[in-house]
Amino acid sequence: MRADDCIFCKIINGDIPSRKVYEDEDFIAMMDVSPATKGHCLILPKDHYANLFEMPEELAAKALPIAKKVGAHLKEALGCEGLNLVQNNGEVAGQTVHHFHMHLIPRYADGVITDVTWGHTNFSDEEMDQIFTKIRM
Ligand code: AMP
Ligand code: ZN
């Protein structure tokens with residue numbers, strides 16, 4: 001299941017080269033072409049799903065164990081002290097390639113790091129309670 005206009009589908013098809021570091025039946029992990037830090041990788045399913053909400057649950061459930069496996073390997077191979085997992089869904093969330101992917105961003109204690117942070121929004125207690133009422137499941 002591929003999408004014609006999707007760069008990640010073209011990579012999975014072998015039409016565009018990539019630095020593939022891991023592959024199994026359902027997923028690949030490859031180096032990000034424009035890395036935030038040394039060893040920044042992406043985990044993506046071989047089938048095309050635009051984002052987390054489009055993915056079947058059984059496939060989504062496989063993503064985190066792969067992140068753990070590849071992440072542990074990056075720690076071992078590169079000596080990073082930490083790792084950010086980032087997964088953007090939708091343009092407003094910063095997603096630029098609309099084929100589900102999870103960023104693995106190794107973090108180092110040497111200061112040569114980029115921020116993976118966001119600001120904070122102040123809500124009153126009343127507003128927090130209203131939001132809580134809407135989102136509790
Ligand atoms: P996102 O903003 O979460 O959609 O992230 C998309 C990521 O894909 C960015 O970090 C890009 O650097 C990366 N990217 C785009 N094209 C390629 C490519 N051909 N090979 C590897 N990574 C890519
Ligand atoms: Zn795709």
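Hi everyone. Let's start with one pair of residues: glutamate 23 stands opposite isoleucine 28 in strand 2. Before we go on, please keep in mind that this is a predicted model.

That pair belongs to a meeting of two strands. Strand 1 and strand 2 run antiparallel and are joined by 3 bridges. How many residues does the hairpin from strand 1 to strand 2 pass through? It takes 3 residues to make that connection.

Now stay with isoleucine 28 for a moment, and look towards strand 3. There, the bridge partner of isoleucine 28 is leucine 44. Strand 2 and strand 3 are antiparallel as well, with 5 bridges joining them.

Let's keep walking across. Strand 3 pairs with strand 5 in the antiparallel sense, over 3 bridges. If you want a residue to click on, try isoleucine 43, which stands opposite methionine 102 in strand 5. Strand 5 also pairs with strand 4, again in the antiparallel sense, and here there are 5 bridges. One pair to find is valine 86 with its bridge partner in strand 5, histidine 103.

So what order do the strands take in the sheet? Reading across, we get 1-2-3-5-4, an open sheet of 5 strands with antiparallel pairing. The edges are strand 1, residues 20-23, and strand 4, residues 82-86, each of which pairs on one side only. On average, neighbouring strands in this sheet are turned by 20° against each other, ignoring direction.

There is a helix to add to the picture. Helix 2 packs on the sheet and touches strand 1, strand 2, strand 3, strand 4 and strand 5. The direction of helix 2 makes about 20° with that of strand 5.

Why do we say that strand 5 is largely enclosed by the rest of the structure? Because 6 of the 6 residues of strand 5 are buried. The side chains go two ways: Met102, Leu104 and Pro106 point one way, while His103, Ile105 and Arg107 point the other way, and all are buried.

Compare that with a residue in helix 2, lysine 68. Is lysine 68 buried or exposed? Its relative accessibility is 66%, so lysine 68 counts as exposed, given that the cut-off for exposed is over 50%. Lysine 68 and lysine 134 are 66 residues apart in sequence, and their C-alpha atoms are 32 Å apart in space.

Just ahead of helix 2 we have a loop coming from strand 3, and proline 56 is found in that loop. Proline 56 has a relative accessible area of 27%, so we call it partly exposed. From proline 56 to valine 33 there are 23 residues in sequence and 27 Å in space, C-alpha to C-alpha.

Valine 33 brings me to the last topic, the largest pocket. About 360 Å³ of space lies in that pocket. It is lined by 19 residues, and the closest to its centre are Phe8, Met30, Asp32, Val33 and Leu42. Which element gives the most to the lining of the largest pocket? That is helix 1, with 3 residues. Helix 1, residues 7-13, and strand 2, residues 27-31, each supply at least two residues of the lining. Sorted by class, the lining has 10 nonpolar, 7 polar and 2 charged residues.

That's my tour. Thanks for listening, and do turn the model around for yourselves!

Methods: Residues are numbered from 1 along each chain as its sequence is written. Chains are lettered from A and ligands numbered from 1 in the order in which they are written. This is a predicted model: local features need pLDDT of at least 70, side-chain atom pairs count only at pLDDT 80 or more; totals for chains, interfaces and linings use all residues. Side-chain values use heavy atoms; hydrogens and water are left out. Helices (H or I, at least four residues) and strands (E, at least two) are DSSP runs, numbered from the N terminus. Buried means under 20% relative accessible area, exposed over 50%, partly exposed in between (1.4 Å probe, protein chains only). On a 1 Å grid over the protein atoms alone, a cavity is a set of points where a 1.4 Å probe fits but cannot get out, and a pocket is an open set with protein on both sides within 12 Å along at least five of seven lines; lining residues have an atom within 4 Å of a point. Grid points are joined across faces, edges and corners, and a volume is the space filled by probe spheres set on the points. Ala, Val, Leu, Ile, Met, Phe, Trp, Tyr, Cys and Pro count as nonpolar, Asp, Glu, Lys and Arg as charged, and the others, Gly among them, as polar. Two strands pair if DSSP finds at least two bridges between them. Axes are lines fitted to C-alpha atoms, for helices over the stretch in contact, and angles run from 0 to 180 degrees between N-to-C directions. Contact means heavy atoms within 4.5 Å.
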